[in-house]
Amino acid sequence: MLTGLYSTLANEPLSLMLTDANGLLLNRFSGDTSLLRALDKVHLAPGFAFSEREAGTNGMGLALADRIPTLVRAEEHYSASLRTYTCAAVPVFDPVSGLLEGSVNITTWSRSSPQLLLALAESAAGNTSALMLARSQGRKEKAGPKGGVFRIQRGKLEPAAGTVRKMSSVWTNALDQATQALAAGRVVAAVGEQGTGRATLLAQALRRIHPGSRIISAAAPAPGDVDAWLSLWAPELGKPATAVIVENVDLLPAWAAQELHAQADSAIRALPVSQSGSTPTLAWAVTAATHDGIPQPLAGMVDTVISVPALRERGEDVLHLARYGARQTRLREINFTPAAEKALIAHSWPENIDELFNVIHAAAVQTETIDVSHLPAHLLGGGSSPHLTRIEAMERDEIVRCLSKHGATVSGAAAELGISRATIYRRMARLGITIPK
């Protein structure tokens, strides 16, 4: 995309740059040889890192840290060597996952007019995201984080005690580690993919230690809503019999992480010192995709990191969670046929427990006994089906419907569709349809 934009600006004193999410400069385009020579002298070249932590205030680093379009003029740069330039940078987000992928930066001489730079960079970043969406073959963009603040009550995030006891050893071991760390007054970070149950694990651990306490969950919002979000719940830090879980801290802009650290530090200082003279502790924990993604200085406050595996790595948990989700939907036990159980176990659950609960809720409102006919067709794809066109998706869904109707027998489905067994087998292979054994 930048190559095409460069071809229209080849005679302008501009340099177009692309970085990854960590500020590493990946590529650079410019038709102005004098500008390129000058940029080389200050290391604004591929292979050099320009995150805010490593290079101080600069356009690329600030756009990545705050996750918003940023214009840094000459004297605003931290490094004196960069004050000859004005930089406009815009973060680029994956339109499907919502993850920060990098930034587009446009640099020119500081004496040049910067008014249109930011608009041009925003257009370039928007076109990049649109191209990424097109190459994802039309999958819909996920909504960005809206944030949320609520009190965790039993049933909202916490499965019943019986469900927890039946969970896999991978989950129970992680729960035991979190419980021990929080009981010792440490700040715990539960890391893993979105939807794996990171906040649930922390809530269960806190409930074990403080059965009667309030647990406040605060999920990070979009950057523009952070001020209001912090004002809603941050005053609860340090209150008696209150614990706080801050979700997705890796999505917070750098300034918000600084503010949160300051408020937590202030709350700790306000806590009364025990009679034994021990240092007071604050009952709080955070979640993130990785420990490295937690912004400073919050990362420095984390004492213990607990890894929460993805649901595809905890196959024995799938049916326990499915029954729990169905019971939450109908407020009574819901049955599953063996075929439905096999389909649930075989699926890879790329969106983890969130996806499982959505599937189970949609099925449980239809019936007292969940069968494969009540499950979405893609669950029979074995997790390896290719991206399908609309016509292919309709064909797949119709084959799955017929298979479900005829007890997963290919002969019955082929007869209803009016095609041979050989043809239906070929189409199943092409469309990624498997039959749970």
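## A tour from Asn105 to strand β10

Start by selecting Asn105 and Thr107: their side chains are joined by a polar contact of 2.8 Å. Keep in mind that this is a predicted model. Asn105 belongs to strand β5, which covers residues 100-109. Is Asn105 buried or exposed? Its relative accessibility is 0%, under the 20% cut-off, so Asn105 counts as buried.

Now show what surrounds Asn105. Leaving aside residues up to four places away in sequence, Asn105 touches Ser15, Leu16 and Met17. Met60 is also touched by Asn105, and so are Cys87, Ala88 and Ala89.

**Next stop: the nonpolar cores**

Select Leu201, Ile245, Leu344, Trp349, Leu356, Ile370 and Leu375. These residues have the most contacts inside the largest nonpolar core, which has 44 residues. Which elements give two or more residues to this core? Colour the helices α7 (169-183), α8 (198-209), α12 (318-330), α13 (338-346) and α14 (352-364), then add β7 (188-191) and β9 (242-247). In soluble globular proteins, nonpolar side chains tend to be buried together.

Stay with this core and centre on Ile370. Not counting residues up to four places away in sequence, Ile370 touches Ile334, Asn335, Phe336 and Thr337. Ala340, Ile360, Ala363, Ala364 and Leu375 complete its list of contacts.

Then look for a second core. Apart from the largest nonpolar core lies another, of 30 residues. Leu230, Leu252, Leu260 and Trp284 are among its members. Remember Trp284; the tour returns to it.

**Next stop: the salt bridges**

How many salt bridges does a search of the whole structure find? The search finds 11. Side chains of opposite charge can pair when their charged atoms come close.

Select Arg314 and Asp317. They form a salt bridge, with the closest N and O atoms 3.0 Å apart. Both residues are buried.

Move to Glu333 and Arg327. In this salt bridge the closest N and O atoms are 3.1 Å apart. Glu333 is exposed, with a relative accessible area of 51%. Arg327 is partly exposed, at 22%.

Now pick Arg330 and Glu368. Their side chains meet in a salt bridge of 2.4 Å, N to O. Why does this pair tie together separate parts? Arg330 lies in helix α12 and Glu368 in the loop between α14 and β13 (369-370), so the pair links parts that are 38 residues apart in sequence. Glu368 counts as partly exposed, at 37% relative accessibility.

One more selection here: Arg214, Glu236 and Lys239. Salt bridges that share partners join these three into one network.

**Last stop: strand β10**

Select residues 284-288, which make up strand β10. Five of the five residues are buried, so the strand is largely enclosed by the rest of the structure. Turn the view to see each face. Trp284, Val286 and Ala288 are on one side, with Ala285 and Thr287 on the other. Both faces are covered.

Add the strands that pair with β10. β7 pairs with β10 in the parallel sense, over four bridges. Find Ala190: its bridge partner in β10 is Thr287. β9 pairs with β10 in the parallel sense too, over three bridges. Here, which residue stands opposite Val286? Select Val246 to see it.

Key
Residues numbered from 1 in each chain as written. Predicted model: local features only at pLDDT ≥ 70, side-chain atom pairs only at ≥ 80, totals over all residues. Heavy atoms only, no water. Buried < 20%, exposed > 50% of the residue type's maximum accessible area, 1.4 Å probe, protein only. Polar contact = N/O pair within 3.5 Å; in protein donor to acceptor, adjacent residues only side chain to side chain. Contact = heavy atoms within 4.5 Å. Core = buried A, V, L, I, M, F, W, Y, C linked by side-chain atoms within 4.5 Å. Salt bridge = Lys/Arg side-chain N within 4 Å of Asp/Glu carboxyl O. Pairing = 2+ DSSP bridges.
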